[in-house]
Amino acid sequence: MSDPILGLSMLALIIVVIMLGFPTAFTLMGLGMMFGFAAFYDPSQSWAANKVFTLMVQRTYGGMTNDVLLSIPLFVLMGYVMERGALVDKMFYSIQLAFRRVPASLAVATLVVCTFWGIASGLVGAVVVLMGVIAMKPMLNAGYDTRLAAGAITAGGTLGILIPPSVMIIVYAAVAGQSVVKLYAAAMLPGFFLAFLYLVYIIGWALINPKVAPKLPPEQMVVKIPAPLKVLTEHYSRNMFIASIKALFSPKALLNAPGDARLSMPRIFKNFLAMLTPFILAAVTLWGVWWYVVIHQQAAKDALNPVATISSAQKDSGAKVDDDTLISIDATQNSNSSKTEVKEEEGLVSIDASGGKDADGKVITTKEAEPESANGPPENFALYFWLCSGLTLLLLIYYYIHLDEEQFEILKLLIESVMPLGVLTILVLAVILLGITTATESAGVGALGAFILALHAGTLDFERTKQAVFLTAKTTSMVCWLFVGSALFSAVFTILGGQSIIEQWVLKLDLSPIQFMLLSQAIIFFLGWPLEWTEIIVIFVPIFLPLLSHFQIDPLLWGTLVFVNLQAAFLSPPVAMSAFYLKGVSPPHVTLNQIFAGMMPYMVIVILCMVIMYVWPGMTLWLPKFLYGGG
């Protein structure tokens, strides 16, 4: 049996063994050791001198020193602290009230909370279980179709592994040797777009067939109005915008109100700030966009001026300058390399700190490596910005005109339940994407913020903290052992010639780039039926990566398609873990087949999203290109 055949046998055997239920990480290490021992076997030497033992040590040490993996335990800890802190109950209630008049309002609220909570925690199992406990029974009691209820929870729960910060993207970056921040930027828009497609499907199904999501009874659509708000409407105005302003300058009625209706001056001011929150958020968002795109990027453009001018002081010093030599300095930094390359050709000296060469060995020039943002604001940016600002202002005016006591109470509930977690999540993502911190430092900020939120809510005690830390250690150990096992397995697979024979087979097919893209994504899609995303990323993704340069496929686009594709791994039977998570917390009459039936349409939506991403690659590549340059 030839070595390549041994490699292919090794690949086939790993699928069979994993499907039999053996632990993936130790199965990878075991097969890697056995087949590696056979590959390095030398009868003239002692069995203890086999090089597979050295390879095992090297691969383990490589995993231990991989900086990319450092952020995993911190992001996982952030998710488990928020999950154990039970911060989602009030969020679901407030969002349910906000969407109470939308078709299939409970399912819509479930999907929104799943998406939001998944982004904050990044834990699929925790989100599905939590939302199964909180939302499944209310939807079934309201007469919702079991398939609709199960699909909304399972599909929404998987989005946390796609939208950054995501552990799956970190593992992929470590396996593929790509930048975590670029992958985060590439996955951002497709993740939210997939959530939007899910939302359209739920509302569309409810509009076509109202029986699957009956309207809520009137008593469930009533918002409980606290006594102070009743005083506001009686003594000031039914419009909360006007009433809050009047109460701030003439608080006598509230200060002298009886019993629970009485408010102190700090609480009156707090109500005023709550009323202004939508305006403040819109203003801060628009100002942040203008600052980054116009002010900050203009400064970056000036700092990255490619032509170095020669000051008069240099001329006066008598320094000799050759007019035929152009000095170009590129200060663009690349996270993968700090090596400075100097190329001198026909009077051109280019000092390139942007990281080197492309797949063909060509030196990347300053212009190619420069992010779009360094060229200043995009064309027509000011026009679109002011149009968006005007539209936002009109929406705010409409909102404040119709701001009654019910809307104001819902606003306060959303501020208390959603805003703290939203600010933390935006902060964690912003400091990563804007290059303020590394992914590991940002994960540390997120973990600290999760502790602060849980302690402020009064829901985190020593026992829950211990559980969160234990689960973090357990999950992190699994990921790290999986990475070590996959590194050893892939190394032995390559040594045996398995990678080479697959590459030769693909090249002999003489595929076009789109055909290779379809083939690779189809294989990953069908592998998602029997396998989980971890096995697919660490075993099969490395097989395709070396072929991307041959077919001239952008690795960011291909990787993001893989992320979206792997959503199907959580939604496809028989190893659809989301279904088993939900079954464990669902009422007894909910069968596994009903859950599977509810998940299947979302697999079609995943495929549709991938088609749109391929037809319109700008949705994936625009943000990383704007922020960091390149792909």
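Me: Which helix gives the largest share of the nonpolar patch, and how many residues come from it?

Reply: The model is predicted, so local features need pLDDT of at least 70 and side-chain atom pairs pLDDT 80 or more, while totals for chains, interfaces and linings use all residues. Residues are numbered from 1 along each chain as its sequence is written, and side-chain values use heavy atoms, without hydrogens and water. A nonpolar patch joins side chains of Val, Leu, Ile, Met, Phe, Trp or Tyr within 5 Å, from residues with over 30% relative accessible area and no salt bridge (Lys or Arg side-chain nitrogen within 4 Å of an Asp or Glu carboxyl oxygen); areas come from the Shrake-Rupley method with a 1.4 Å probe. Here the largest share, 4 residues, comes from helix 28, helices being DSSP runs of H or I with at least four residues, numbered from the N terminus. The patch, of about 690 Å², includes I514, L518 and I607.

Me: Is I607 of helix 28 buried, exposed or partly exposed?

Reply: Buried means under 20% relative accessible area, exposed over 50%, and partly exposed in between; I607, at 39%, is partly exposed.

Me: How many aromatic pairs are there?

Reply: Rings of Phe, Tyr and Trp (its six-membered ring) pair if their centres lie within 6.5 Å, with planes under 30 degrees apart stacked, over 60 edge-to-face and the rest tilted. By this rule there are 25 aromatic pairs. The rings of Y201 and Y602 have centres 5.2 Å apart and planes at 80 degrees, so they are edge-to-face. Because Y201 lies in helix 10 and Y602 in helix 28, this pair ties together parts 401 residues apart in sequence. Y602 is buried at 1%, whereas Y201 is partly exposed at 23%.

Methods. Helix = DSSP H or I, 4+ residues; strand = E, 2+ residues; numbered from the N terminus. Buried < 20%, exposed > 50% of the residue type's maximum accessible area, 1.4 Å probe, protein only. Patch = residues over 30% accessible without salt bridge, like charges linked within 9 Å, V, L, I, M, F, W, Y side chains within 5 Å.
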